[in-house]
Every structure is written in C-alpha cells, then in structure tokens.
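Welcome, and please have your viewer ready. We will go from one selection to the next and look at what is there.

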Amino acid sequence: MVSAIYTAIATSSGRDGRSVSNDGTLDLTLARPTELGGDGNGTNPEQLFAAGYSACFASAMQLVASRQKVDASDAAVTAEVGLNALEGGAFGLSVVLRVELPEHLHGEAGQKLVEATHQVCPYSNATKGNIPVEIVVE
C-alpha cells in the first residue's frame, strides 16, 4: 500500500456547479465551455487539469534542475489539455506540454532536464500509458 505524503480533498457537483476544497482555499464556479454548449461563465475540469499539470511539471523541473545543478528558474510550462471523443460514446484526454527554457538550457542540457522531469512529475507518472502526452521544448 502506498503512503501519501499529502492528500488534497475537493468536492464537486459537476460541470455546471461548484468545486470546493475541504479547507475552503479552493472555491470555484464550474461551467461547461461554450464549445460544449455551456455559457463559459466558470472554469472546467480540463482547465483545472491543465493548471495542475503545468504547475506540477514546473515544480518537478525545479527539483530536477537543482539535482542536476542547473538554473531553470526562468523556465515556464504551459499545458494544453484536449477533451476528445472516443469510440462508443466515451471521452478521453490528451495533453501537450509546452516547456519554455531559458537560453542557456537550449539544446542537450534542456532536453535531458525535460526528460528527467517527465520521469519525476506525479502528473506525468499518473498519465503514463493512459493518455497521450506530447512535450514540446521551446
């Protein structure tokens, strides 16, 4: 059995409702995006996943950079999370991570940093083999 070092807890009432963390720090209005027939007057699960994945990957990159003794403090990560229709009426996700590295990390050093980060990041490990994740280093 895995022993969690931290557990986040949130309760949601659906795409057109609210999402609230147990400590009250997070309290969001949820709404379907206009592309899905909603009014777009709130956030949605895909945006939340994109925010979580990009933040997690950026933090993991800082950890890996410190281990590799390189400065990645000016790096940034943008996550694009796609909602995709699958066969049989199901839905799935896809992700493109756009990693912006400072100039001194362009090339092989940056590529090694990003590849190592993808092995460490909890979101990357959770999605591995489950959804397609493309990483674009910019």
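Which residue follows H1, and what is the sign of its phi? Select lysine 69: this residue comes after H1, and its phi is positive, near 60 degrees. Keep in mind on this tour that the model is predicted.

**Stop 1: along helix H1**

Now select residues 45-68, which make up helix H1. With 24 residues at 1.5 Å a residue, the helix should span 34 Å, and its end C-alpha atoms are indeed 34 Å apart, so the two values agree. Go to the N-terminal end and show asparagine 44, which caps H1 there. A side-chain oxygen of asparagine 44 lies 3.0 Å from the backbone nitrogen of glutamate 46.

Next, colour the buried residues of H1: Glu46, Ala50, Gly52, Tyr53, Ser54, Cys56, Phe57, Ala60, Met61, Val64 and Ala65. What covers them? Show strand E4 (76-85), strand E5 (91-100), helix H2 (108-120), helix H3 (122-127) and strand E6 (133-137), which are included in the cover over these residues.

**Stop 2: glutamate 46 and its partner**

Stay with glutamate 46, which counts as buried because its relative accessibility is 10%, under the 20% cut-off. Add arginine 15 to the selection: the two form a salt bridge, with their closest N and O atoms 2.5 Å apart. Glutamate 46 belongs to helix H1, while arginine 15 sits in the loop between strand E1 (10-12) and strand E2 (18-21), so the pair ties together parts that are 31 residues apart in sequence. Arginine 15 itself is partly exposed, at 27% relative accessible area.

**Stop 3: two cysteines**

Back in H1, pick cysteine 56, then add cysteine 121. A search of the whole structure finds 0 disulfides. The cysteine sulfur nearest to that of cysteine 56 belongs to cysteine 121 and is 3.6 Å away. Why is this pair not a disulfide? The sulfur atoms would have to be within 2.5 Å, and cysteine 121 has its nearest cysteine sulfur, that of cysteine 56, at 3.6 Å. Both residues are buried: cysteine 56 has a relative accessibility of 18%, and cysteine 121 has a relative accessible area of 0%.

**Stop 4: more salt bridges**

How many salt bridges does a search of the whole structure find? There are 6. For another one, select aspartate 27 and arginine 18, whose side chains meet at 2.7 Å, N to O. Here both partners are partly exposed, aspartate 27 at 44% relative accessibility and arginine 18 at 43% relative accessible area.

Then move to helix H2 and show lysine 112 with glutamate 108, a salt bridge of 3.2 Å, N to O. These two residues are 4 residues apart in that helix, about one turn. Lysine 112 counts as partly exposed at 48% relative accessibility, whereas glutamate 108 counts as exposed at 57%. Now select Glu80, Arg98 and Glu138 together: salt bridges that share partners join them into one network.

**Stop 5: serine 19**

Finish in strand E2, where you will find serine 19. Is this residue buried or exposed? Serine 19 counts as buried, with a relative accessibility of 5%. Add serine 12 and look at the two side chains, which are joined by a polar contact of 2.7 Å. To see what surrounds serine 19 beyond its neighbours within four places in sequence, show its contacts: Ala10, Thr11, Ser12, Leu26, Asp27, Leu28 and Leu30.

Definitions and conventions. Residues are numbered from 1 along each chain as its sequence is written. This is a predicted model: local features need pLDDT of at least 70, side-chain atom pairs count only at pLDDT 80 or more; totals for chains, interfaces and linings use all residues. Side-chain values use heavy atoms; hydrogens and water are left out. Buried means under 20% relative accessible area, exposed over 50%, partly exposed in between (1.4 Å probe, protein chains only). The expected span of a helix is 1.5 Å times one less than its number of residues. Contact means heavy atoms within 4.5 Å. A polar contact is a pair of N or O atoms within 3.5 Å; within protein, one must be able to donate a hydrogen and the other to accept it, and residues adjacent in sequence count only if both atoms are side-chain atoms. A salt bridge is a side-chain nitrogen of Lys or Arg within 4 Å of a carboxyl oxygen of Asp or Glu.
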